Each structure stands twice: as C-alpha cells, then as structure tokens.
Amino acid sequence: RRVLFRSEIVAVQASTGQVLAVAQRQASGVLPAAGPLAAKLAPGTAFTIVSAAALLSDGMTASTPSPCENSFTVGGQTFTSDGTGEQKPFSANFADDCATAFAGMSELLSPSQFDQVVSAFGIGANWSHLHVPVFSGSAPSAAGDADLAAEMIGQGNVRVSPLSMAMIAAEVDSGSWHAPQVVEGATDPASKPGAALDLSAMSALRGLMGAAVSSGAAHAASLPGAQVYGQVGLVH
C-alpha cells in the first residue's frame, strides 16, 4: 500500500521573528493545504511545549514525579499513551511524549492559567501586518476538565500553523516574544501578546526540549553539530 505525505517547514530567526525560509512538499493525491503560513493543523503533543511552560510557571519542576499511564480519564474523556503507570520525573514524561501524564497534570491548572500562557506564545494574535494569508493559531478557552486535558496535548479545538509553531519554538529559544516578520521592520503593536512568560520557566523548558531530542521521543532530530531542541507532535 502506498502512503502519501505532505510536509511544511518554516524557519525563523528567534532573536527578531524574521521569517527566513518557507517550504512545502505537496504529495500527489493529497488535498492541497493552505501552506506553512496559513494551514490550520492539530499540533498533537508538539503543543506540550506550551503546556509544559504553563506547568513550569505554576511551580512544576523537571524533577516533579508523575505517572505515565496507559490510559487516563479526565472529565469523562479517556486519553491513551504507551505508558506503564511508572512514576517518572516531569522531564522524562515530556521527553517520552507521554500524553496521559499531561492529561493528568491538566488538573493542576485552571483554564485561565492555561489561556494566559497560550496568549503569551502569540496563539490567536493579530498578524495582519504580514499582509499575506497567515494563521497565528487558535486554542479556545476550555469549557471543562476534558477540554483542558485535550488542549494540553494538542487535541480538541487547538489548531496551529507551521509558522505559529515556529514562533513558539523561537520564543523558547530567545526567551522573549518577537512578532513574525516577512519584511524587516514591518511590526504591528497589536500582534504583541499581553503577558511575558516566566524566564526561569523558559530556561527549564529549553532543558526539557533538549532532552526530548538527545534521549527522548524526538531523538531522530539529534544530528551532529549544534544542540537541537524540540518535541514530537503525535496525536494519540
């Protein structure tokens, strides 16, 4: 059986938000996508970058233990993963891409706490200054416990573009928000998030993303040269 894939990539300069490269591979027989700047995609567990930032800002540490269950029910909805129920440090659950651990840890946050961090990453921001079709992402405020758990693992109503995910990674890298730019200097004050992220949480998050690549589920991205930081984006 032939399996068809499409792929998109966006490269941005973390220190400025400048979009450096955009590329797309359209597979034959697959419906056209809106492109790397405007596609509306479910991020899956790549969105645990945002969720981890929320948890770290709320007092979670890399060593805080939590179980990685095979299944976990929140608000009547059951989430699954490849867990065994073993207690692991938060850093290991992030690196191993344990969706059920994040579903369970959603009970530590309120929807408003999560919304604040989502907004700080630019999700849902106004990027009209780019003057091209673009999607900054969308993560509606959770209506209940199950909705929040789903959003924390990039399911439910969460949608992103490759650009918005690139901007999330750029903010973790630089430690501060920079609006995306296609033309240098063409920024719009309306695109600035309302609150900054905790710098110590961002530093810890870089460590989590580094471990996900060096020894976790994103190990395929571990290449010779400079350290790579990231997370996989599976939909469980």
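Two strands are said to pair if DSSP finds at least two bridges between them, and this is the sense in which pairing is used for the predicted model shown above. Strand β4, which covers residues 71-74, and strand β5, which covers residues 77-80, pair in the antiparallel sense over 4 bridges. The bridge partner of S71 is T80 in β5, while V74 stands opposite Q77, again a residue of β5. Between the strands of this hairpin there are 2 residues, and G75 takes a positive phi near 60° there.

From the hairpin one can turn to a pair of helices, α6 and α7, which pack at an angle of about 115° with their axes 8 Å apart. The residues that make this contact are E171, V172 and D173 on the side of α6, and M202, L205, R206 and M209 on the side of α7. Sorted by class, the contact of α6 with α7 holds 4 nonpolar and 3 charged residues, with no polar ones. As for its handedness, α6 passes α7 in a left-handed crossing.

These helices also lead to the largest pocket, since β1 (7-12), α6 (162-174) and α7 (199-214) each supply at least two residues of its lining. The largest share of that lining, 7 residues, comes from α6. The volume of the largest pocket is about 1100 Å³, and its lining consists of 34 residues, of which M165, A169, Y229, G230 and Q231 lie nearest the centre of the pocket. In chemical character, the residues of the lining divide into 25 nonpolar, 6 polar and 3 charged.

Helix α6 thus links the two parts of this description, as it packs with α7 and also supplies 7 residues to the lining of the largest pocket.

Methods:
Residues numbered from 1 in each chain as written. Predicted model: local features only at pLDDT ≥ 70, side-chain atom pairs only at ≥ 80, totals over all residues. Heavy atoms only, no water. 1 Å grid on protein atoms, 1.4 Å probe; cavity = no way out; pocket = protein on both sides within 12 Å on 5 of 7 lines; lining within 4 Å. Points joined across faces, edges and corners; volume = space filled by probe spheres on them. Nonpolar A, V, L, I, M, F, W, Y, C, P; charged D, E, K, R; others polar. Axes fitted to C-alpha atoms, helices over the stretch in contact; angles between N-to-C directions. Left-handed = near helix turned anticlockwise from the far one by under 90°. Contact = heavy atoms within 4.5 Å.
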